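Work through the following exercises with the sequence and the coordinates at hand. Each task is followed by a solution that goes step by step.

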Amino acid sequence: RLARRTEVDLQEGAVATIVESILLGRAAMGETVTSGHLSDLWTVRRGGRLVFADALRLADPFPACTGHPATLDGNRAMATIIHAGEGLGTLRDSIRELFAGLCDTTAGAGIVNGILLVRIVAGDAMALRRAMIPALSVLRDGRAVPRLWNF
């Protein structure tokens, strides 16, 4: 059971990349989450003005909730990336091009109120990583992500 709230206040012109991945059981360990509750609320303000808000709620019956095509479609790994900065259109297009070559994930990227939003859903942690790490590298101007980020 997890209830979490993440609030970000950015000054005008600030650059930020925020990443959150969630894994509902480790496939290699045979883990399956059969019950629980996840409530996650994100808000991003720029210059005191709300520019992004997102709420996620997964609850019992967990398999029915996470198995629905409108949620995780039976997948157990998901990630959200939010990026504030310059050149969002170019970054979005580069990430979309990267995702076009993936066959084991569902992913997309779009711009909302001057924020680049990236969503990735995958069957397991490794498939999620294969999409998320290269997307983060795009946001870092092609530089590799720090070793700590290589989960």
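**Exercise 1.** Determine which residue just after H3 takes a positive phi, and establish what caps the N-terminal end of this helix.

*Solution.* In this predicted model, the residue to find is Asp141, which follows just after H3 and has a positive phi of about 55 degrees. Turning to the N-terminal end of the helix, one finds Asp124 as the cap, with a side-chain oxygen placed 3.1 Å from the backbone nitrogen of Met126.

**Exercise 2.** Compare the span of H3 with the expected one, list its buried residues, and state which elements these residues pack against.

*Solution.* Helix H3 covers residues 125-139, and its 15 residues reach 21 Å from the first C-alpha to the last, which is close to the 21 Å expected at 1.5 Å a residue. With buried taken as under 20% relative accessible area, the list for H3 reads Ala127, Leu128, Ala131, Met132, Ile133, Ala135, Leu136, Ser137 and Leu139. These buried residues of H3 pack against strands S2, S5, S6 and S7, and also against helix H2.

**Exercise 3.** Describe the sheet by its strand order and pairing, and then place the helices H2 and H3 relative to its strands.

*Solution.* The sheet is open and consists of four strands in the order S2-S5-S7-S6, with antiparallel pairing. Its edges are strand S2 (16-23) and strand S6 (105-112), each of which pairs on one side only. On average, neighbouring strands of the sheet are turned by 10 degrees against each other, if direction is ignored. Helix H2 (residues 88-100) packs on this sheet and touches S5, S6 and S7, its direction making about 170 degrees with that of S6. Helix H3, for its part, lies across S2, S5, S6 and S7 and runs at about 10 degrees to S5.

**Exercise 4.** State how many bridges join S5 to S7, identify the bridge partner of Met78 in S7, and decide whether Thr80 is buried or exposed.

*Solution.* Strand S5 (residues 77-84) and strand S7 (residues 115-122) run antiparallel and are joined by seven bridges; the partner of Met78 in S7 is Val121. Thr80 also has its place in strand S5, and because its relative accessible area is 11%, Thr80 counts as buried. Leaving aside neighbours within four places in sequence, the contacts of Thr80 are Ile18, Val19, Glu20, Trp42, Leu117, Val118 and Arg119. With Arg119, the contact includes a polar one between the two side chains, at 2.9 Å.

Methods. Residues are numbered from 1 along each chain as its sequence is written. This is a predicted model: local features need pLDDT of at least 70, side-chain atom pairs count only at pLDDT 80 or more; totals for chains, interfaces and linings use all residues. Side-chain values use heavy atoms; hydrogens and water are left out. Two strands pair if DSSP finds at least two bridges between them. Helices (H or I, at least four residues) and strands (E, at least two) are DSSP runs, numbered from the N terminus. Axes are lines fitted to C-alpha atoms, for helices over the stretch in contact, and angles run from 0 to 180 degrees between N-to-C directions. Contact means heavy atoms within 4.5 Å. Buried means under 20% relative accessible area, exposed over 50%, partly exposed in between (1.4 Å probe, protein chains only). A polar contact is a pair of N or O atoms within 3.5 Å; within protein, one must be able to donate a hydrogen and the other to accept it, and residues adjacent in sequence count only if both atoms are side-chain atoms. The expected span of a helix is 1.5 Å times one less than its number of residues.
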